[in-house]
Amino acid sequence: MIKVVTLQHIYGKNRERMAELLKTLVENELKDLEVKVEISITPENWAEFTLEGEDEEVSANLLTSRYGTPAQKAEPGKVYMGFLQAFLEDAFLVNIGIPVRVEAGELKALGSGKPKQLASRFGLIPHLPVEVEVIEANRDLKARLTKKQLDLWWSWKKASTDRVTVNGATRSEIKSAIKKTGHGRDIYEIERLGLLEHAIVCREKTDGPGIVAAIGPHLKSEMGVVIGEAR
């Protein structure tokens with residue numbers, strides 16, 4: 001038996017529902033392996049998976065490499081997986097297992113504006129996965145966004161289509177909301193960003209804010225919009 005604490009936060013009002021959704025998703029990912037999966041929630045609200053079976057070690061390695069594990073400490077110069085936790089007046093707060101700040105001066109690569117304005121412009125919402133490099137680990141933990149992360153967000157912004165970011169929902173829940181509202185033809189695809197975090201890629205003539213207004217009431221999610229500049 002192996003226990004793996006993943007860098008997946010349990011959030012939202014219905015923690016038990018989210019935990020069961022995560023368990024189902026992980027079971028599906030490991031369906032070709034001989035392993036039994038159980039889930040629990042740590043005191044810090046991380047998803048912890050208990051793996052038992054012939055392929056438990058392979059399964060643990062797969063989960064760790066794909067979703068990461070919470071960092072216990074931060075080392076300058078090291079790159080960490082994390083998720084967006086909050087957008088402050090002077091920084092993005094990123095949780096890598098411990099909170100680190102990406103201060104306004106480090107966000108200039110995203111253009112002009114305050115952190116909250118930048119988050120809105122790039123469709124950033126809490127719990128989206130993010131990659132950062134720690135630059136200071138003294139009394140204050142400070143980081144910068146990696147080039148890989150910046151390139152991804154800029155690719156969204158420079159695209160010929162809008163994107164809608166969604167947290168706390170499965171792919172099937174998002175597809176169901178799109179179908180219910182009759183917007184199936186307005187969507188190219190649903191990109192998976194994390195276990196329960198996605199980006200809906202709109203078609204060229206589809207208005208992202210309109211999609212949010214339509215499907216928002218059908219999802220218990222936070223949503224953001226990136227307006228493609230090449231439209």
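**View 1. The open sheet of strands 10, 11, 9 and 12.** In this predicted model, 4 strands form an open sheet in the order 10-11-9-12 with antiparallel pairing, where two strands are taken to pair if DSSP finds at least two bridges between them. Helices (H or I, at least four residues) and strands (E, at least two) are DSSP runs that are numbered from the N terminus. Strand 10 (187-192) and strand 12 (223-226) are the edge strands, each of which pairs on one side only, and the twist averages 20 degrees from one strand to the next. Strand 10 pairs with strand 11 (residues 197-202) in the antiparallel sense over 5 bridges, and isoleucine 190 stands opposite isoleucine 200 in strand 11. Helix 5 (residues 171-180) packs on the sheet and touches strand 9 (163-167), strand 10 and strand 11, contact being heavy atoms within 4.5 Å. The direction of helix 5 makes about 160 degrees with that of strand 10; axes are lines fitted to C-alpha atoms, for helices over the stretch in contact, and angles run from 0 to 180 degrees between N-to-C directions.

Residues are numbered from 1 along each chain as its sequence is written. Because the model is predicted, local features need pLDDT of at least 70 and side-chain atom pairs count only at pLDDT 80 or more, while totals for chains, interfaces and linings use all residues, and side-chain values use heavy atoms, with hydrogens and water left out.

**View 2. The open sheet of strands 1, 3 and 2.** This open sheet of 3 strands has the order 1-3-2, with antiparallel pairing. Strand 1 (2-9) and strand 2 (36-41) stand at the edges with a single partner strand each, so one side of each is left without a neighbour in the sheet. From one strand to the next, the twist averages 25 degrees. Strand 2 and strand 3 run antiparallel and are joined by 6 bridges, and isoleucine 41 stands opposite alanine 47 in strand 3. Helix 1 (residues 15-29) packs on the sheet, where it touches strand 1, strand 2 and strand 3, and its direction makes about 155 degrees with that of strand 2. Helix 2 (residues 56-67) also packs on the sheet, touching strand 1 and strand 3, with a direction at about 20 degrees to that of strand 1.

**View 3. The aromatic pair of tryptophan 46 and phenylalanine 83.** The structure holds 3 aromatic pairs; rings of Phe, Tyr and Trp (its six-membered ring) pair if their centres lie within 6.5 Å, and planes under 30 degrees apart count as stacked, over 60 as edge-to-face and the rest as tilted. The ring centres of tryptophan 46 and phenylalanine 83 are 5.8 Å apart and the planes stand at 75 degrees, so the pair is edge-to-face. This pair links distant parts of the chain, with tryptophan 46 in strand 3 (residues 46-52) and phenylalanine 83 in strand 4 (residues 79-87), 37 residues apart. Tryptophan 46 counts as buried at 5% relative accessibility, and phenylalanine 83 is buried with a relative accessible area of 5% (buried means under 20% relative accessible area, exposed over 50%, partly exposed in between, with a 1.4 Å probe and protein chains only).

**View 4. The aromatic pair of phenylalanine 122 and tryptophan 154.** With centres 5.0 Å apart and planes at 90 degrees, the rings of phenylalanine 122 and tryptophan 154 are edge-to-face. Phenylalanine 122 is buried, with a relative accessible area of 0%, whereas tryptophan 154 counts as partly exposed at 23% relative accessibility.
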